[in-house]
Amino acid sequence: MKSVVLLLLAFFSSRAQGERIEKIEQCEARCSQGLPCAANYQLSFERCKNLSGGVSTDVFSNTSISTVMKCEERQKCSLHLRVSTGLQMSKHIRGIYICIFTAGMMERCRAVSILRSAREKLVNQQVNFQDDCLEVHSGQDVHVTIKTWPHICDVAISRSYRVPDCSNKDIQRSVTECITGKIQYDVDTEKKELSVSVSDMLEDKDYQLRLCHKGFICTGTGVQAVLKKENPVKKVTLKYSRPVPCLCIEGWSIMTDAPRVQVCPFKNRVEELWSGITFDPVEETLSWEAACHVNAVISLCELQGGDMCQDFANSSHTYMKGKVTYSAVDPHPRLCMKFITEDGVWVKCPFSEGNFPAWDLKVSTQEGHSELLVTSQVKTSLSLSKCTKTGEVTHTALVEVEKFQTTQLDLATDLCKASNCIKAKRADVKYGVTTLYCQPPCSFSASTSTNSESEWQLTHVVVPVVALTTAFLVVAIVTGIAIIAYRIKRITKARSIGRLPRPHTGSFSSMSEALNSKTQLACKSVLFDICSSGTSQFKQCVKSNLLNDSTNLLV
């Protein structure tokens, strides 16, 4: 049924907008068959007459009412009511009265009559009358009464008529009271700017533009501009702050009682209404105020699995206007605000990014022991409960936590067990989220096994290898030192033999010098070989040098 009504309204609305308005050069009264007739304005106070002979009450036929337009200039036209009817003439009737009545105005009448000379020949004949000199305004509801002239009692017809309003395209372009201008716009979302142009405005008037929030009235935001009539470019840029659905561009010609036009670029951006949530971390108050007039039900809720948000008890408010404020609110990431309107449901979570971390609970595991650590940015009381994943609560404790401190808690429970959990909630707030902490199973056995294996490898592999290597190095060094000492002793003994007196001193002296030279070379060779070679090479070198020296001494 509702859809049918909407279709009918759309049909009649389109007909009203598409109805062509006839233009006339001047208003006048006309009678059919070329009959001479006259018309003038009359007061409606004349009393009706009761004729003894009587007159049929059914004397009017083919009655119609329409609107015409009389124009002085292109944009200065007025609207007039055209009334047409057929009248059965008699000797008592000279013509017709056409009277119109509109709310707030007195009844106005026009009398249209046929001259006496022609009237005598028209008895019992039908004459068509038409008059279009009664002025009306766009959108008026008019009550039209057609009477005989003179007015015969009980001989009249009445009709109700609505004058086309300013949505009619002909009236929009021609009637001064309906010329609002045509507003077009482009949106720059990055710069938050509206580029506005105006066409079809009154040519002899300046044009006012402004941004406003539409409600019962359109309340200005302070952004406005004036388009001068002399300027051929009718374009201006207006800056906006938030793209809310009630933000509109309003324009009108600068004159008294000028009609206004409003265009709302963001009328479908309903979700923008819910972005005005503010939080005071000192007072712990959560507030929201709509930038536009909206009917909604507001509540706080706790975000749970999926898209479900469970309402807090006694948090629902029916919003009409003003500010909604919730006090004693815990700024938890899962605490949200829910908005319900006739268009849908929206959930906004202002703390989802962790921008107001009030407190945090962590589980620390060391050497097979688990500890609870509470860190808080505010002084608070926490209600902590030991429970299982099935929901069974075994113990509850109230813990006081100081501001900017970490508190270590001992609930005498093994948190490394998969079934053990901690349920935490602030006890000093009105709206707080209950959080469940379930620590994953601790991996102490795996770490202990790994540590034991490492210790075994260190004790049974690394240490023996290092000790054995060190022993070989010590033996090699001691052996080298012993060989060097033995070698020096032999050389010293050989020198002492060389110094004994002999008969041939000269040859012995030269032999001694050669011996000294070879001894020095041998010592250098031994030292070099020790530094550059292993122990076995060192032994071979010593043996070779001793053999050579013995041979030289014998020679």
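I began at one residue pair and found that Leu 87 stands opposite Val 127 in S8. I note for what follows that I am working on a predicted model.

I then looked up the strands around that pair, and I recorded that strand S5, residues 76-88, and strand S8, residues 126-136, pair in the antiparallel sense over 9 bridges. Following the pairing outward, I found an open sheet of 5 strands in the order S1-S4-S5-S8-S2, and I entered its pairing as mixed. I listed its edge strands as S1 (22-24) and S2 (29-31), each of which pairs on one side only. For the twist I noted that neighbouring strands of this sheet are turned by 30 degrees against each other on average, with direction ignored.

Next I turned to a hairpin, where strand S9 (residues 141-149) and strand S10 (residues 156-162) pair in the antiparallel sense over 7 bridges. Within this pairing I located Val 144, which stands opposite Arg 159 in S10. Between the two strands of the hairpin I found 6 residues, and I marked Asp 154 there for its positive phi near 65 degrees.

Last, I looked up the totals for the whole protein, which has 6 helices and 32 strands. Of its 555 residues, I noted that 37% are buried. For the contacts between residues at least 6 apart in sequence, I wrote down that 64% join residues at least 24 apart. I closed with the accessible surface of the protein, which comes to about 33,300 Å², with 53% of that belonging to carbon and sulfur atoms.

Methods: Residues numbered from 1 in each chain as written. Predicted model: local features only at pLDDT ≥ 70, side-chain atom pairs only at ≥ 80, totals over all residues. Heavy atoms only, no water. Pairing = 2+ DSSP bridges. Helix = DSSP H or I, 4+ residues; strand = E, 2+ residues; numbered from the N terminus. Axes fitted to C-alpha atoms, helices over the stretch in contact; angles between N-to-C directions. Buried < 20%, exposed > 50% of the residue type's maximum accessible area, 1.4 Å probe, protein only. Contact = heavy atoms within 4.5 Å. Areas by Shrake-Rupley, 256 points an atom, 1.4 Å probe, with all protein chains shown as cover.
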